[in-house]
Structures are given as structure tokens and as C-alpha cells.
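The following exercises introduce a protein chain to a reader who has not met it before. Each task is followed by a solution in steps.

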Amino acid sequence: MENALMQRQENTLNGVREDRKTKTFTTLDMTKEENVDLILATQDECDFYIKDCVGKVINTCGVFITEREVENVNEETGEVIKYNKHVTILFDEDGKSYVTGSNAFYMSLDLIMKVKGFPTEENPMKLEIVEKDAKEKGHKYLKVRLAK
């Protein structure tokens with residue numbers, strides 16, 4: 001079975017379908033029908049929001065990331081600013097899904113995967129969801145770290 005998703009190579013997001021400036025990436029084995037079904041099920045709804053799981057350790061067996069390019073216009077200068085937004089979904093050993101649109105979370109997970117490798121069914125990774133204070137008073141960022 002050939003799928004439109006490619007696994008991560010050379011620490012970059014790669015996808016067969018890059019239409020509308022969107023890329024996808026997964027660490028799940030897409031030759032397994034049950035993993036295809038897991039990803040398709042997340043398109044309607046995930047089991048948990050990562051923001052509700054601060055302090056929790058998730059035994060992560062898979063990751064699915066969507067990256068899309070967005071544009072904002074600086075109202076003062078008229079300058080168009082392009083940047084990437086990410087939706088990150090973690091899968092645990094029970095097939096439960098955890099979703100966030102936090103770019104800070106994505107960046108911390110990306111660094112972990114660059115250094116430690118990818119969470120897979122064969123090599124799950126215990127990830128702890130954390131929240132860090134931002135410089136702006138009252139704001140917080142979601143992040144992830146390896147659980148001890």
C-alpha cells in the first residue's frame with residue numbers, strides 16, 4: 001500500500017503532497033493499516049489537547065506533524081511576513097492522540113528528535129508536557145522534554 005505520507009528524512013519535514021504550502025510528516029509505520037486509520041481519525045478529532053496535559057508523561061509511540069506557511073501583513077509598514085505554523089499530534093501506546101498548534105511545543109519536540117531520534121512503536125519515548133512563562137506577563141508556552 002502506497003501512502004501520501006513520507007517518514008522524516010535528514011531532519012526536515014518532507015511530504016509527497018505539498019499542495020497549498022502544506023507539508024506532513026509522521027514517525028508511524030504507514031504500511032500498517034491501523035496507523036493509517038489513527039491518522040485519519042485525528043482529522044476529525046483528537047482524544048486530548050496537549051494544553052490540558054501539562055505535567056503528564058506520555059509514552060509516545062508516534063508523531064504526526066503538519067506544517068503550513070502563513071502570511072501576516074505588518075499594518076504599519078505593509079511588509080508581508082511569512083512563517084510556518086505547526087500542528088503536532090502525539091500518539092501513545094494505547095493509540096490515544098494528543099494535539100497542539102503550539103510552535104514552541106513543535107520546536108522543543110523537533111530538537112529532541114534531532115538529538116535523540118524519533119519516537120516509534122519499537123522505541124517509544126517518554127515525553128513530559130511542560131509549560132514555561134513567557135516574557136510577556138500572563139503568557140505561557142507549551143513545551144516538551146524527555147521524562148526522567
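Helices (H or I, at least four residues) and strands (E, at least two) are DSSP runs, numbered from the N terminus. The model is predicted.

**Exercise 1.** Determine how many helices and strands the chain has, and state their order.

*Solution.* Step 1: the count gives 2 helices and 7 strands. Step 2: read along the sequence, these elements follow the pattern β-α-β-β-β-β-α-β-β.

**Exercise 2.** Identify the strands that pair with strand 3, and give the direction of each pairing.

*Solution.* Step 1: a pairing requires at least two bridges between the strands. Step 2: strand 1 (residues 22–26) is joined to strand 3 (residues 57–73) by 5 bridges, and the two run antiparallel. Within this pairing, Lys23 stands opposite Glu67 of strand 3. Step 3: strand 4 (residues 80–92) is joined to strand 3 by 13 bridges, again in antiparallel fashion. Gly62 has Phe91 in strand 4 as its bridge partner. Between strand 3 and strand 4 the hairpin has 6 residues, and Gly78 in this hairpin takes a positive phi near 80°. Step 4: strand 6 (residues 125–133) is antiparallel to strand 3 and shares 4 bridges with it. Here Asn59 stands opposite Lys126.

**Exercise 3.** Classify the ring pair of Phe48 and Tyr98 as stacked or edge-to-face, and describe its surroundings.

*Solution.* Step 1: a pair of aromatic rings is described by the distance of the centres and the angle of the planes. Step 2: the chain has 2 aromatic pairs. In the pair of Phe48 and Tyr98, the centres are 5.0 Å apart and the planes stand at 20°, so the pair is stacked. Step 3: Phe48 belongs to strand 2 (residues 48–49) and Tyr98 to strand 5 (residues 97–100), so that this pair links distant parts of the chain, 50 residues apart. Step 4: buried means under 20% relative accessible area. Tyr98, at 2% relative accessibility, therefore counts as buried, whereas Phe48, at 34%, counts as partly exposed. Step 5: the charged end of Lys56 sits over the ring of Phe48, 5.2 Å from its centre. The ring of Tyr49 has the charged end of Lys51 over it, 5.5 Å from the ring centre.

**Exercise 4.** State what percentage of the residues in the chain is buried, and what percentage of the accessible surface belongs to carbon and sulfur atoms.

*Solution.* Step 1: of the 148 residues in the chain, 37% are buried. Step 2: the accessible surface comes to about 9400 Å², and carbon and sulfur atoms hold 47% of this surface.

How values were computed:
Residues numbered from 1 in each chain as written. Predicted model: local features only at pLDDT ≥ 70, side-chain atom pairs only at ≥ 80, totals over all residues. Heavy atoms only, no water. Buried < 20%, exposed > 50% of the residue type's maximum accessible area, 1.4 Å probe, protein only. Areas by Shrake-Rupley, 256 points an atom, 1.4 Å probe, with all protein chains shown as cover. Phe/Tyr/Trp six-rings, centres within 6.5 Å; stacked < 30°, edge-to-face > 60°. Lys NZ or Arg CZ within 6 Å of the ring centre and 35° of its normal.
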